[in-house]
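Visitor: I would like to learn how to read this model. Could you take me through it, feature by feature?

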Amino acid sequence: MIPLSWYLILSAALFSIGLFGVLARRNAIAILLGVELMLNAVNINLVSFWRYGDVTQMAGQVFAIIVFAVAAAEVAVGLALIISVYRTRKTVVADELDLMKW
Amino acid sequence: MTILFFLFAAIILASAVMVVSARNLIHAALWLVSTLFGVAALYALLDAGFMAVVQVVIYIGAIAILFIFAVMLTRRELRDKGPALNANWWLSALISVLVFGGLLFLLSAWSGFSKASAGLPSGFDAVGALGEALVSPQAFVLPFEVASVLLVAAMIGAVYVALKQK
């Protein structure tokens, strides 16, 4: 059977790919896509810890569902901000949004 | 099971690499859908059927579609001009590899790292237990209600921010 370590390694790899997307992409929407990858990596960890621990304790799955809700809220507000910024600045490239840069 | 795990892991990692490297943002969003499907299959592999369904309905049905709408609302003629990655992308790659290595190092030092899975207890209803845990006052009813308040606040905030200012 599959040991817990494989899930943890997969999740660490997915988290690192998402982190690269957040740090390296220029488009603000692509940065949010990277955040989604990182949240999914966290959820894989939570569900696999639930499965490999005491399955009658549902805390792992409940926490993953809370992460779902937070991800939905984050995407809704984040994309609204990006659309609002696009309306005033006509760009979504993170480098060019430098109005508050000292 | 092992073959299925490797198949889904390959789908997840390959699609995730495409998400962060695709120049066309619509393609990146579609690759995200593929990654999310792989994660949903992984939940099914972990005997978390409810999580798999919720992953498909919320992440693919709502969040990924929202991303595609946002991409279509913020494109002009000069779309996809310029490099997809910023000038310091090699530094970001270095940080990501270091984070991956650090996580592996920390995990390999943990005693439960290569724990094998135990079978589910016979007659155990995971979905029922999850539903009871979500609304039981002894368990997680307070975080559940806080999540609903958060969603309402996010909805009102998103409408207010994205509304056209007169």
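Guide: Let us begin with the domains. Chain B is divided into domain 1 (1–76) and domain 2 (135–166), with bounds that come from an automatic or database domain assignment. This is a predicted model, in which local features need pLDDT of at least 70 and side-chain atom pairs count only at pLDDT 80 or more, while totals for chains, interfaces and linings use all residues. Residues are numbered from 1 along each chain as its sequence is written, and chains are lettered from A and ligands numbered from 1 in the order in which they are written.

Visitor: How many Å separate the centres of domain 1 and domain 2 of chain B?

Guide: Taken over C-alpha atoms, the two centres are 24 Å apart.

Visitor: Which elements make up chain B, helices or strands?

Guide: Helices and strands are DSSP runs, numbered from the N terminus: H or I over at least four residues for a helix, E over at least two for a strand. Chain B has six helices and zero strands.

Visitor: Is chain B spread out or compact?

Guide: The radius of gyration is taken over C-alpha atoms and set against a globule rule of 2.2 Å times the number of residues to the power 0.38. For the 166 residues of chain B the rule gives 15 Å, but the radius is 20 Å, well over that, so chain B is more spread out than a compact globule. Along the principal axes, its C-alpha atoms fill a box of roughly 60 × 45 × 25 Å.

Visitor: What share of chain B counts as buried?

Guide: A residue is buried if 20 or more other C-beta atoms, placed from the backbone, lie within 10 Å of its own, exposed if 12 or fewer, and partly exposed in between. By that count, 23% of the 166 residues of chain B are buried. In chain A, 20 of the 25 residues of α2(A) are buried, so that helix is largely enclosed by the rest of the structure.

Visitor: How do I check the span of α2(A)?

Guide: The expected span of a helix is 1.5 Å times one less than its number of residues. For α2(A) that gives 36 Å, and its end C-alpha atoms are 37 Å apart, which agrees. The 21 residues of α2(B) should span 30 Å, and the ends are 30 Å apart. Just after α2(B), D47(B) takes a positive phi of about 65°.

Visitor: Where does the largest nonpolar core lie?

Guide: In soluble globular proteins, nonpolar side chains tend to be buried together. A nonpolar core here is a set of buried Ala, Val, Leu, Ile, Met, Phe, Trp, Tyr and Cys residues joined through C-beta atoms within 7 Å. The largest has 72 residues, and those touching the most other members include L14(A), L33(A) and Y43(B). Domain 1 and domain 2 of chain B both give residues to this core, so it lies between them.

Visitor: How many residues of chain B are in contact with chain A?

Guide: Contact means C-beta atoms, placed from the backbone, within 7 Å. By this test 71 residues of chain B are in contact with 59 residues of chain A. The largest share of the chain B side, eleven residues, comes from α4(B). That side divides into 59 nonpolar, ten polar and two charged residues; Ala, Val, Leu, Ile, Met, Phe, Trp, Tyr, Cys and Pro count as nonpolar, Asp, Glu, Lys and Arg as charged, and the others, Gly among them, as polar.

Visitor: What does V99(B) touch?

Guide: V99(B) lies in helix α4 of chain B. Not counting residues up to four places away in sequence, V99(B) touches S16(A) and L19(A). With 15 C-beta neighbours inside 10 Å, V99(B) counts as partly exposed.

Note on methods: Contact = placed C-beta atoms within 7 Å.
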